[in-house]
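Subject: Structure handover

Hello,

Here is the structure I promised to pass on. Please open it alongside this note. My findings follow below.

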Amino acid sequence: MEYNKDFMRSAISLSIQSVKSGGGPFGALIVKDGQIVAAGTNRVTKDNDPTAHAEIVAIRTAAQQLGTFNLSGCELYTSCEPCPMCLAAIYWSHLDKIYYGNTKEDAKNIGFDDSFIYEEIALKPEDRKLKSEHVMPYEAKVAFHDWERKEDKIEY
């Protein structure tokens, strides 16, 4: 399927408006069946929420609007190639396709450098800069065992 230039222009316009209103330079739209379901802009500093990236805001809004956590059948139009957090959320939400304007290299050039996250993810937990420790695995597994046995669980 070919991308829709109007949707892409709208995502880019959202990013420009976000800068003007004190947000970060990112905008995103979720589209289903040729209709905009949700829009989002970067609200990290406005909301004091490090997860409030444009794509995440749009995904949260779309899920609420559609009444589902599974956004299959939807596409994302975003002003910039998604960061690792947003890319993970895109996969978890089952979006069908991503259209983006700026690249992660473009973002890096203006101070939004995620390359260290990609590098850290590839490392073993004990080799990462952010220290973590595996503790209480037997107690933690209780919920996992309960989940495995649960007959009315909703898979995602």
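The count of aromatic pairs comes to six. One of them joins F69 and Y156: the ring centres are 6.0 Å apart and the planes stand at 75°, so this pair is edge-to-face. Please keep in mind that this is a predicted model.

Where do the two partners sit? F69 is in the loop between α3 (54-66) and β3, and Y156 is in the segment after α7. The pair therefore ties together parts that are 87 residues apart in sequence.

Exposure comes next. F69 is partly exposed, at 43% relative accessibility. Y156 is exposed, with a relative accessible area of 61%; the cut-off for exposed is over 50%.

Y156 has another aromatic partner, W92. Their rings are 6.4 Å apart, centre to centre, with 55° between the planes. That pair is tilted. W92 belongs to helix α4 (residues 84-93), while Y156 lies in the segment after α7, so here the parts tied together are 64 residues apart in sequence. W92 is exposed too, with a relative accessible area of 60%.

Now the surface. Which residues make the nonpolar patch? F69, W92, W147, I154 and Y156 do, and the patch covers about 650 Å². F69 and Y156 thus appear both in the patch and in the edge-to-face pair. W92 is a patch member as well, and it pairs with Y156. W147 comes from helix α7 (residues 137-149). W147 is partly exposed, with a relative accessible area of 35%.

Away from the patch residues, there is an aromatic cluster to look at. Y3, F7, Y77 and Y99 form it.

Last, T78. This residue is in strand β3 (residues 74-80). Is T78 buried or exposed? T78 is buried, at 0% relative accessibility; the cut-off for buried is under 20%. What does the T78 side chain hold on to in polar terms? The side chain of E55, in a polar contact of 2.9 Å.

Leaving out residues up to four places away in sequence, T78 touches M8, A11, G27, A28, E55, I98, Y99, Y100 and G101. E55 is therefore on the T78 contact list as well as being its polar partner. Y99 is on that list and is also a member of the aromatic cluster.

When you go through the model, I would look at Y156 with F69 and W92, then at T78 with E55.

Best wishes

Key
Residues numbered from 1 in each chain as written. Predicted model: local features only at pLDDT ≥ 70, side-chain atom pairs only at ≥ 80, totals over all residues. Heavy atoms only, no water. Patch = residues over 30% accessible without salt bridge, like charges linked within 9 Å, V, L, I, M, F, W, Y side chains within 5 Å. Areas by Shrake-Rupley, 256 points an atom, 1.4 Å probe, with all protein chains shown as cover. Salt bridge = Lys/Arg side-chain N within 4 Å of Asp/Glu carboxyl O. Helix = DSSP H or I, 4+ residues; strand = E, 2+ residues; numbered from the N terminus. Buried < 20%, exposed > 50% of the residue type's maximum accessible area, 1.4 Å probe, protein only. Polar contact = N/O pair within 3.5 Å; in protein donor to acceptor, adjacent residues only side chain to side chain. Contact = heavy atoms within 4.5 Å. Phe/Tyr/Trp six-rings, centres within 6.5 Å; stacked < 30°, edge-to-face > 60°.
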